[in-house]
Amino acid sequence: MKILVTAKRVEDPESKIKVKADGSGIVQEGLKYKINPFDEIAVEEALRLSAKHGGEVVVASIGTKDVQEQLRHALAMGAVDTLLISEGLRKKRVTIKCPQCNWQGQLTVDKEEDARCPACPTVTPTIESSADFVDALYDDAEKVGTRVELLSVDSEEGETLMKAFGGIAAILRYGIGGQ
Ligand SMILES: [Zn+2]
């Protein structure tokens with residue numbers, strides 16, 4: 001049996017949501033995101049079902065940025081058995097330090113030059129380290145013993161993955177008995 005669970009990120013229920021002064025949306029700076037708690041319950045239930053009846057749980061999400069966060073969360077939980085990444089995904093994971101407010105942190109950007117301190121967007125930050133995003137995901141995956149599969153964008157699956165999921169999809173696999 002194959003169980004498909006869709007997951008999406010939401011604002012952390014613990015965080016304070018502020019509406020922008022012009023009413024066009026919410027202030028996203030400094031806001032934390034989590035996997036939708038109801039989606040997490042769905043994943044747990046799917047795991048329970050697969051443990052009872054055997055089979056595999058597939059978690060899918062759409063939206064590049066969202067998927068990255070959820071993948072990292074899933075990786076941290078040690079849950080992802082197979083991670084599919086499209087070769088078409090060319091992003092950088094950079095660690096920057098802001099010379100103005102001393103903020104230091106890790107960001108995922110298209111180009112190193114795009115990295116900016118969340119508080120000081122006009123200041124050019126110091127880049128302390130930079131890694132290919134795909135390599136960084138490999139490192140994360142390795143830490144929790146996750147198998148990583150790289151699909152070529154030239155392949156049909158790779159092309160579909162790139163178009164449908166913005167380049168990344170995670171497949172969580174739980175065999176009978178697990179490991
Ligand atoms: Zn700053």
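**An antiparallel sheet of three strands and its E6–E7 hairpin**

In this predicted model, 3 strands are arranged as an open sheet whose order is E7-E6-E8, with antiparallel pairing. The edges are occupied by strand E7 (104–109) and strand E8 (126–132); each has a single partner strand, so one side of each remains without a neighbour in the sheet. On average, and with direction ignored, neighbouring strands of the sheet are turned by 20° against each other. As a general principle, the strands of a sheet pair through backbone hydrogen bonds, in either a parallel or an antiparallel manner.

The sheet belongs to a protein with 4 helices and 10 strands. Read from the N terminus, the elements follow the order β-β-β-α-β-α-β-β-β-β-α-β-α-β. Of the 179 residues in the protein, 23% are buried. Among contacts between residues at least 6 apart in sequence, 68% join residues at least 24 apart.

The pairing of E6 with E7 can be followed residue by residue. Strand E6 comprises residues 92–97 and is joined to E7 by 6 bridges, the two strands running antiparallel. Within this pairing, valine 94 has leucine 107 of E7 as its bridge partner, while lysine 92 stands opposite valine 109 in E7.

Lysine 92 merits a closer look. This residue lies in strand E6 and counts as buried because it has 20 C-beta neighbours inside 10 Å, the cut-off for a buried residue being 20 or more. Once neighbours within four places in sequence are left aside, the contacts of lysine 92 are Val109, Lys111, Glu112, Ser130, Ala131, Asp132 and Phe133. Val109 is also the residue that stands opposite lysine 92 in E7. Lysine 92 and leucine 107 are 15 residues apart in sequence, and their C-alpha atoms are 8.1 Å apart in space.

The loop between E6 and E7 presents another feature. The hairpin formed by these strands has 6 residues between them, and asparagine 102 takes a positive phi there. Its phi is near 70°, a positive value in a residue other than glycine. Most residues other than glycine have a negative phi. Is asparagine 102, placed in this loop, buried or exposed? Asparagine 102 counts as exposed, because 8 C-beta neighbours lie inside 10 Å and the cut-off for exposure is 12 or fewer. The hairpin thus offers two points of reference: lysine 92, buried in strand E6, and asparagine 102, exposed in the loop that leads to E7.

Technical notes
Residues are numbered from 1 along each chain as its sequence is written. This is a predicted model: local features need pLDDT of at least 70, side-chain atom pairs count only at pLDDT 80 or more; totals for chains, interfaces and linings use all residues. Two strands pair if DSSP finds at least two bridges between them. Axes are lines fitted to C-alpha atoms, for helices over the stretch in contact, and angles run from 0 to 180 degrees between N-to-C directions. Two residues are in contact if their C-beta atoms, placed from the backbone, lie within 7 Å.
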